[in-house]
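Here is a short, friendly tour that starts at a bound ligand and ends at a small part of the fold. Have the structure open as you read along.

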Amino acid sequence: MKTFDLSELPFPVAHRLLLGGIAPRPIAFVSTIDNSGNVNLAPFSFFNAFGANPPIVCFSPAYSGKTGAAKDTLLNILETKECTISIVSYDMVHQMSLASAPYERGVDEFIKSGFTTLPSLKVKAPGVAESPFVMEAKLLQHIDFDHKPGSANMLICEVLMIHIREDVINDNGQIDPRAMDQVARMGGQWYSRAAQGLFELSQPSTVKHGFDSIPAEIRTSPYLTGNDLAKLLDVEEIPTIPITSISKETRENRHLRAKELIEHNDIESAWNILLS
Ligand SMILES: Cc1cc2nc3c(=O)[nH]c(=O)nc-3n(C[C@H](O)[C@H](O)[C@H](O)COP(=O)(O)O)c2cc1C
């Protein structure tokens, strides 16, 4: 491990490391409006949801790393205490990137980047009509950490309304990640297209035991990974088959055969082989 003490790092280096490590980050495409009615639009990947009751999201327009200036989004939201947040899908990325250019205050990035406004119901700022998922939100709290270049401004917002494009909602009323086709921000210039890396993982709702319940002979196997062992725990009870006869198979063979069964989610058979 290479270890970094953030108190000794120049902030641009810390910024680069944090962004590379904490990824992928969802992108809040934030529209705000100032007291004179000027509309603004900009993307922010210091963003996430933090609870549903009340529905809380948070994003951070940091002070400019170069000039230390406050971003238009921050100034607007502090004036009017409201915004919309639109989720960015793959077919929006190039226009979204264009909207992140440092246009002067008062410039409408909907016009600059060619996006269409979606009228809001409870706030004045419009959403992005091309987005599959648009939230209207009000500012609850602003945490201003410092006034240095790169300092965060955490904007904690309550979501008031959500507008979801109908084709992304499946027959069960759930949001289909393939149809959403969200993009996320990585470190450097990298982005990730979430729908291309999807896999399902069942919730360990019935699991009552942990690694410490796995017999040492299996837990210390050089053939089974941490993921393999975690999947083995996806059983109501850990089988306690008495070892009546020593298997003629070597440990390597048994563990490799079990590994294959684990890969195919046949956990019961995997245990039978491991304990034979
Ligand atoms: C994908 C993406 C994510 C971004 N995330 C952030 C962020 O989380 N915080 C931030 O201060 N700037 C972020 N930026 C840069 C801002 O979008 C940029 O500074 C923009 O000009 C701010 O616009 P405004 O002054 O109209 O608010 C991001 C840019 C892109 C392209």
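## The ligand and its shell

Strand 3 (39-44) and helix 2 (72-80) each contribute at least two residues to the shell around the ligand. Strand 3 provides the largest share of that shell, with 4 residues. Please keep in mind that this is a predicted model.

How many residues surround the ligand? There are 19, and the closest are P43, S45, F46, T73 and S100. Sorted by class, the shell holds 10 nonpolar, 5 polar and 4 charged residues.

Backbone atoms of the protein also face polar atoms of the ligand, as the table shows for three residues, P43, S45 and A62.

| Residue (backbone N or O) | Ligand atom | Distance |
|---|---|---|
| P43 | oxygen | 2.8 Å |
| S45 | nitrogen | 2.8 Å |
| A62 | oxygen | 2.8 Å |

How much of the ligand does the protein bury? Taken alone, the ligand exposes 640 Å², and 87% of that is buried by the protein.

## A three-stranded sheet

Now let us turn to a sheet. It is open and built from 3 strands in the order 1-11-12, with antiparallel pairing. Strand 1 (25-26) and strand 12 (191-193) are at the edges; each has a single partner strand, so one side of each has no neighbour in the sheet.

Strand 11 (residues 183-185) runs antiparallel to strand 12, and 3 bridges join the two. If you would like to find this pairing in the viewer, look for V183, whose bridge partner in strand 12 is R193.

How values were computed:
Residues are numbered from 1 along each chain as its sequence is written. This is a predicted model: local features need pLDDT of at least 70, side-chain atom pairs count only at pLDDT 80 or more; totals for chains, interfaces and linings use all residues. Side-chain values use heavy atoms; hydrogens and water are left out. A residue is near a molecule or strand if one of its heavy atoms lies within 4 Å of it. A polar contact is a pair of N or O atoms within 3.5 Å; within protein, one must be able to donate a hydrogen and the other to accept it, and residues adjacent in sequence count only if both atoms are side-chain atoms. Accessible areas come from the Shrake-Rupley method with a 1.4 Å probe; for residues, only the protein chains shown count as cover. Ala, Val, Leu, Ile, Met, Phe, Trp, Tyr, Cys and Pro count as nonpolar, Asp, Glu, Lys and Arg as charged, and the others, Gly among them, as polar. Two strands pair if DSSP finds at least two bridges between them.
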